[in-house]
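Thanks for sharing this one with me. Below are my notes, point by point, for you to read alongside the coordinates.

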Amino acid sequence: MKCLTAPYYLTKSIRKSAWAAVLIVLLASCKKNFSSDQFEDDKLVILAEITAGDSVKIPIGKTIKVENGSLIRFEKVNDASVTLTEANSPSWVLTPNYSPQYATNPTSVFTNKKHFKVNTTYKIEINHPTLGIVKATAVIPNYPKLINVDTSSAQFNDKDVLAANITWKDSLDKEEFYVIEALKEMVRVNHFFIYQNKRYSYDTQQGKDLYAQVKNTPGIRILSDTTGLNKFTRLNLYTNDNNSENARIDKLTNPFRRIFFIDQSFNGNYYTTTVFIDKQFFVDPTQKGRVRLQLKSVGRELYNYLKLYEKYKTDFGSVPTNQLVSPTGNVQNGLGIFGGSAKREKIYYFDVLL
Amino acid sequence: MMKYYCILVFLLFSVELTWAQKVNLFSRSYTPSFQKGSVAAFLDDINQRGPAIIEYTSNYIDTGRIITLTGSPTTLGTVLQQVLQEQKINVVEKNNKLILTPSPTPLPDDFFVTSYSVYGIIKEAVSGEPLAEANIFNPAKQNGSLSNDHGYYTLLLPQGKSILYISYAGYNTQRIELDIKGSTRADIYLTPKSDIEEVTVTSSTYKTTEKEDNKAAKETNSNNIVLGESDVLRSFYMDPGVKNIPEITNGMLVRGGSPDENVFLLDGNTIFNPTHLLGTLSIVNKTSVKSTQLYKSNFPARYGGGLSSVIDVMTKDGNMQEWHGEANAGLLAGSFTVEGPVKKDRSSVMVSFRQSWIDPILRMLNSGIGVNFYDLHVKFTQWIGKKDKLMFNAYAGHDKLLLRQNYSNNQQQWGNKAMSLAWNRLLGPRAFVNTSINISNYDNLAGFRYNLYDSTGHLTQNKVYNTYSSIRHYNARTTLEISASNAVKIDVGGKASYTRIHPFDSNVGEDFIDKPGDFSAFPPLSFHEVVLFYENEIRPDKQFFFRPGIHVSHYWYNDYQYTSWQPRLYSVYKIDQHNQVDMSYNHMTQYLHLVTNPYMGINSDAWVPSTAELNPEESDMINLGYTYRDSKKLLVTADVYYKQLKNVTNYAEGQNLFLNTADWGQSVQLGKGWTYGLETKAERITDKWYLHMSYTLSWNWRKFDGINNGAKFPFKYDRRHELNVAATWKYNKHWNFSAFWMFATGDVYSLPNQVYPDFDDAQQISDPLAPREYRLIYHSSVTNRYRTLPYHRLDVSASYNSQLSKKINSRLTGGVYNIYGSPSQYVYDLEGTLGKRSLVVTTKYQFFQVTPYISYTVTF
């Protein structure tokens, strides 16, 4: 039976080693990997959809730390230096736009008179004295080949909607990402008359006085046109198209901000889908506008961001904040998105512009 | 590598069978024609008249030695034992020949002794209930055996007289004398001790080297009573490495795995959600249970399908002698178990039923909680002849739970239904087979309401997410146990299964949905699995034990097929009487993925099968253990382990709801995980005291490409420290007092730490339907960066046992659950609107706060 008993020193040595190992592990466990008071800097945020044909407008903001007692109020970052570079062209320096139309914007909008072009790569670099340097790159794709849009009034889930059958042709050789959205652009209605080949505004007192004097002159009458105010109202969309990626975001009976398609199932072919635009805000006598139905071809990064943004907005209010999935973009050392798009649109007027 | 391991295991199998045949050759009948003669003369006689040919050369055998036979040997073995005594030879058997080859040492004394099997069923004398893991010990040879789950045992004994001791905790040790002339069936009946608390450890017990720390405690202490309901599985929560997470489905987490990685078997049949009250109480009614085992570090090859643990619950056959029962009335529920013979010694029936009745009290207290559950278990056992036994099992259970509290407004219903028919057969002295066919069904319906208010407190949104899923599993399995010798046991078997998942659906509306029929049906997801397993238990001497095994499974779902080779190894080295070390390695594969909507406080589980994109989950684990036992009944264990997980699931980013069955695979993403830790336990059981302390130190990591920028992050239940302390004091034969206290580090969670302007707002797009104050985007820069407050709870209880009459005993138990009202779950949320200050809101979930209870149990 001697083989049953291990030498005493062996047993003792095993015990000693075991306790030493336990001690080491316990000490190692005391290291804190995570804590709730971990320090993190605020970050610059770019929220830009750069669209072919539009003038340069880049909304740039900053994050706010949220914790117990933090005030949620967004601050502008007008002290940032913003440089935009178009591929094979010199860089442009953008300046903050202090126009009243951006006064309520939660970001600083940096503008320039240049216009974005299709099929072009743009790089942005922002240098901020305290928030550091952030960079991002975006490609504006080619215009989508919009073939046709047919509209008719309809009902969708007991709502009055404008049904729009949209047909476009996909490119065979490119992976394309499509977004459909509808906005009502706020407009100012300008009233004017032409007198002696010169345009006079009827919206000013001086113009009204002149009109009173010359109104009996043959050929003189009050005309009107509109000017976009660069302010928009979101119009909810519905779809029953299972090919849309919205089918994986929420029930198709629910409203969406944007409708998403990838060209996997119709690569190189014509594709027709129907979107239903909620008519609730088509007509507003207090703030007149025009409805813009847009088919956009967007870059991959913008597409992914917008899709996650859609999911975020759908979930917001339906799930606790700790379960919300924040959209992630392409901004190095910052947050948000710098993405390109090219759009074709149809404009409809429902307000009486008198 | 795994295939080579399998080849090695099968080689072992071949060697064992050869060895087993040798024994048969020696037992053949042969009587020499003379009693005295030379070695050569005896060998020649065997060659001419005997049952085998012996080949040898006289170079290394003293053939001239004169042998006089003693006794009257009648087999080849007993003759050769005397003829070849002290000869330095080895014996090789080939084609019915015995070849004698030279050897530096003589043959062992008992080399040619013929051994026969003694086998049978060990049962309780009073009820005829088979006893699992009863101990059979042969002191003369210092060897022994244990009965299996069905009471079957077998032990090889030398021809002639032998004495055996048969013991079982709580029963009188029985001594039997046998005169072995051939394989003998001996069914053994043990009688319970008059005072079952007395545990006598004598030298007449066969001391196994395997760990015994994975059995559920049979005693009722405060740690395994929930509001007056005894729950045998709760004693597992005392074990290090096993975490109890109440208020989630199947709230058991083992060694860093998620709840779906535990396989729960009720009489061999899979139960998908074995809990009531969202994990607070198991579905197993204590009075119907015969044995319960939890495997978390060394998995026998017969088990598979779960990465983290296997809980194997065997229920009683039912009393074959007379009718008995037990009734229990507690705060939470009432239950009874009745068992008795349909035909004495031939067939029995056991019925166990439990129904909750706390709901009216909760309503009266305006608690906002509604609880309603039941479980029913019926078992019928029939012996057919002396060798065959049939067992029919049926189980049904259902839960309905309502939560209407501050921040939660949930409704949940789930239930299991299971049925099985098992057949046991004693194939002979050394083989036992258990075959069963099983059906198991699980349904889960859950609804979750989340309201959104604007800054004036006006309700702006009311959404109820309703989900429904169900799963049905059919399988047929068989296990053959063969005892090649006292030192070698073989388990071999297979299983074929078919699983059909009725997929998830979700319905978003304004109210809860009660009926499964109101959900849209989607095409079912079905898969098949075929399993073969083989395992050895080898005890080469009294110090070593090792158990190599292999579990091979083949899976197919539509066109996707996968074969998994899962080696298992468990080995123990006994250093001395007090100290032993062990090592195990396990590879496990799991084909079912459980995906859970990441909403708090809701049991919204959905199962999905493995596919070409969603590969099976796999784990590799290595465990090193140390055990110390002393003569003062102190047990100390320590284990270190490292476990790697592959293809664990999480919802893909931005895909936290299943809405489209065709694309469900895209909603789930695969990642990897790893967990490691130290688990220690100290336990002392005396006549007066039961003392227990366990401590776990563990780390638990996950890594998914699409989460946390691909960086590792701690798993939700990454609890660094966990401590359980329990004590029971037996004051006298009537009174005992228990206390249980647990402490655990808090869980990790994510919360937004930054907020930035809304994208549409930045584009000058306003949404008249969305409140302006919520136009912001929350951002969480690191996953699971925060940790909740620690959890701790104290329960106390006292029991009074009395004998009401000769056959009726009673137990009155009173106690307080969660004596200082500690929460069992913390949920953190962030409230914030534009222009106001953000606020972190902490919700403390607790089904039962400070809850006194009383229960009364009568056994008859």
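1. In chain B, four strands make an open sheet in the order β8-β7-β10-β11, with antiparallel pairing. The edges are β8 (143-146) and β11 (174-180) of chain B; each has a single partner strand, so one side of each is left without a neighbour in the sheet. From one strand to the next the twist averages 25 degrees. Please keep in mind here and below that this is a predicted model.

2. Inside that sheet, strand β7 (residues 135-138) and strand β10 (residues 160-167) of chain B run antiparallel and are joined by three bridges. If you would like a pair to look at, I136(B) has I166(B) as its bridge partner in β10(B).

3. A sheet that draws on both chains deserves a look. Its three strands come in the order β3(A)-β47(B)-β49(B), again open and with antiparallel pairing. The edge strands, each pairing on one side only, are β3 (64-65) of chain A and β49 (776-779) of chain B. Across the chains, β3(A) pairs with strand β47 (residues 754-757) of chain B in the antiparallel sense over two bridges, and Q754(B) is the bridge partner of K65(A).

4. On the other side of that sheet, four bridges join β47(B) to β49(B), and the two run antiparallel. V755(B) finds its bridge partner in Y778(B). Which way do the residues of β49(B) point? L776(B) and Y778(B) point one way, I777(B) and H779(B) the other way, and all are buried. For context, in a regular strand the side chains alternate between the two faces of the sheet.

5. Some totals for chain B may help. The chain has five helices and 55 strands. Of its 860 residues, 47% count as buried. Among contacts in chain B with a separation of 6 or more, 64% are between residues 24 or more positions apart.

6. On to the domains of chain A: the assignment gives domain 1 (44-140) and domain 2 (145-308 + 343-348). Taken over C-alpha atoms, the centres of domain 1 and domain 2 of chain A are separated by 25 Å. Five residues from domain 1 and six residues from domain 2 of chain A take part in the contact. On the domain 1 side, β1 (44-51) and β8 (132-140) of chain A each supply at least two residues.

7. The largest nonpolar core has 79 residues, and those with the most contacts inside it include I46(A), I58(A), I60(A) and V82(A). Strand β11 (residues 177-195) of chain A gives the largest share of this core, seven residues. Where does the core sit relative to the two domains of chain A? Domain 1 and domain 2 of chain A both give residues to this core, so it lies between them. Leaving aside neighbours within four places in sequence, V82(A) is in contact with I58(A), I60(A), L94(A), F110(A), I124(A) and I126(A). Another core, of 49 residues, lies apart from it, with L233(B), L265(B), V284(B) and V648(B) among its members.

8. I would also point you to F116(A), in the loop between β6 (108-115) and β7 (120-128) of chain A. Is this loop residue buried or exposed? F116(A) is buried, with 21 other C-beta atoms within 10 Å. Not counting residues up to four places away in sequence, F116(A) touches I50(A), T51(A), A52(A), G53(A), D54(A), V56(A) and I140(A). The C-alpha atoms of F116(A) and V56(A) are separated by 6.7 Å, though the two are 60 residues apart along the chain.

9. Helix α3 (residues 300-315) of chain A has 16 residues and reaches 22 Å from its first C-alpha to its last, close to the 22 Å expected. Of those 16 residues, 13 are buried, so α3(A) is largely enclosed by the rest of the structure. Just after α3(A), G317(A) takes a positive phi of about 90 degrees.

10. Finally, two backbone details in chain B. D345(B), in the loop between β25 (333-343) and β26 (347-356) of chain B, has a positive phi near 65 degrees and is a residue other than glycine. N558(B) is not a glycine either and has a positive phi of about 50 degrees; it lies in the loop between β34 (544-557) and β35 (560-574) of chain B. D345(B) counts as exposed, with 10 C-beta neighbours inside 10 Å, and N558(B) counts as exposed with 11.

How values were computed
Residues numbered from 1 in each chain as written. Chains lettered and ligands numbered in written order. Predicted model: local features only at pLDDT ≥ 70, side-chain atom pairs only at ≥ 80, totals over all residues. Pairing = 2+ DSSP bridges. Buried ≥ 20, exposed ≤ 12 C-beta atoms within 10 Å, placed from the backbone. Contact = placed C-beta atoms within 7 Å. Expected span 1.5 Å × (residues − 1). Axes fitted to C-alpha atoms, helices over the stretch in contact; angles between N-to-C directions. Core = buried A, V, L, I, M, F, W, Y, C linked by C-beta atoms within 7 Å. Domains from an automatic or database assignment.
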